[in-house]
Amino acid sequence: MKAVIVSDSHGLTAELAEIVNRHRHEADLFIHCGDSELEVGADEIAPFAVVRGNCDFAAFPAERIEEAGGVRLFVTHGHLYGVKTSLLRLSYRAQETGAHVVCFGHSHLAGAEQMDGRLFINPGSIALPRGRKEKTYAVLTIGGGRVHVQFYEVNGQPVSGMERTFSI
């Protein structure tokens, strides 16, 4: 099972369409962690399970649960949980939902880390990255009790040194 995760696209449409087109034959799930700044009916956002970010005014949900390959994913933007200072509140909410994987954005900082048996993934931003020059998104491969995370630049090139595999 593969999931493509993006966040913080801030109005970009061609890039979202490119990512969907690039992964459409392999991905089972597309997730957008908010701040798309697009309308609910926009063609470019249609393939994505979307949540509302602090820069969104469309009626997307604040959070959602997705099931993929026997793994429960909790998706939110992150601003409601103070992710720029700590993942603690987000961790508590993930625990309440029974999530194995937490997908969030808001900080524009790409990364993946495991805490208390849960995997936290921030795909970064395909528009305005922070902490690195690459505009990034993530692809998760889920199976056999493992989640493999690979970050990609918006142009489809893998980001060197950011590939990791976690047991869940």
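How many bridges join strand β4 to β5, and do the two run parallel or antiparallel? I looked this up before anything else, keeping in mind that the model is predicted. I found 6 bridges between β4 (residues 63-68) and β5, and the strands run antiparallel.

**Entry: the β4-β5 hairpin.** I took one pair from this ladder: Glu-66 has Leu-73 in β5 as its bridge partner. The hairpin leaves 2 residues between its strands, and Gly-69 there has a positive phi near 60°.

**Entry: β5 and its other partner.** I then followed β5 (residues 71-76) to β6. These two strands pair in the parallel sense, over 3 bridges. Phe-74 stands opposite Val-102 in β6. I traced the connection as well: β5, helix α2 (residues 88-97) and β6 form a β-α-β unit, and the unit is right-handed. I also checked how covered β5 is, and 5 of its 6 residues are buried.

**Entry: helix α1.** I asked which residues of α1 (residues 14-23) are buried. They are Leu-16, Ile-19, Val-20 and His-23. Viewed down the helix axis, these residues fall within an arc of 95°, so they line one face of α1. I looked for what they pack against and noted four strands: β1 (2-6), β2 (29-32), β3 (48-50) and β9 (136-143).

**Entry: cysteines.** I searched for disulfides and counted 0 in the structure. Cys-33 is in none, and the nearest cysteine sulfur to its own belongs to Cys-103, 5.3 Å away. A disulfide would need the two sulfur atoms within 2.5 Å. Is Cys-33 buried or exposed? Cys-33 counts as buried because its relative accessibility is 0%. For Cys-103 I read 0% as well, so Cys-103 also counts as buried.

**Entry: Ser-107.** I located Ser-107 in the loop between β6 (101-103) and β7 (111-115). Ser-107 has a relative accessible area of 8%, and the cut-off for buried is under 20%, so Ser-107 is buried. Which residues does Ser-107 contact, leaving aside its neighbours within four places in sequence? I listed Lys-84, Asn-122 and Arg-130.

**Entry: the record.** I checked UniProt last. Its unreviewed entry places the feature "domain: Calcineurin-like phosphoesterase" at residues 1-142. Over that stretch I noted 14% helix and 31% strand. The C-alpha atoms at the two ends of residues 1-142 are 5 Å apart.

Terms used:
Residues numbered from 1 in each chain as written. Predicted model: local features only at pLDDT ≥ 70, side-chain atom pairs only at ≥ 80, totals over all residues. Heavy atoms only, no water. UniProt positions renumbered as here; feature names shortened; annotations may be inferred. Buried < 20%, exposed > 50% of the residue type's maximum accessible area, 1.4 Å probe, protein only. Contact = heavy atoms within 4.5 Å. Arc of directions from axis to C-beta. Pairing = 2+ DSSP bridges. Right-handed = clockwise from strand over helix to strand, strands pointing away.
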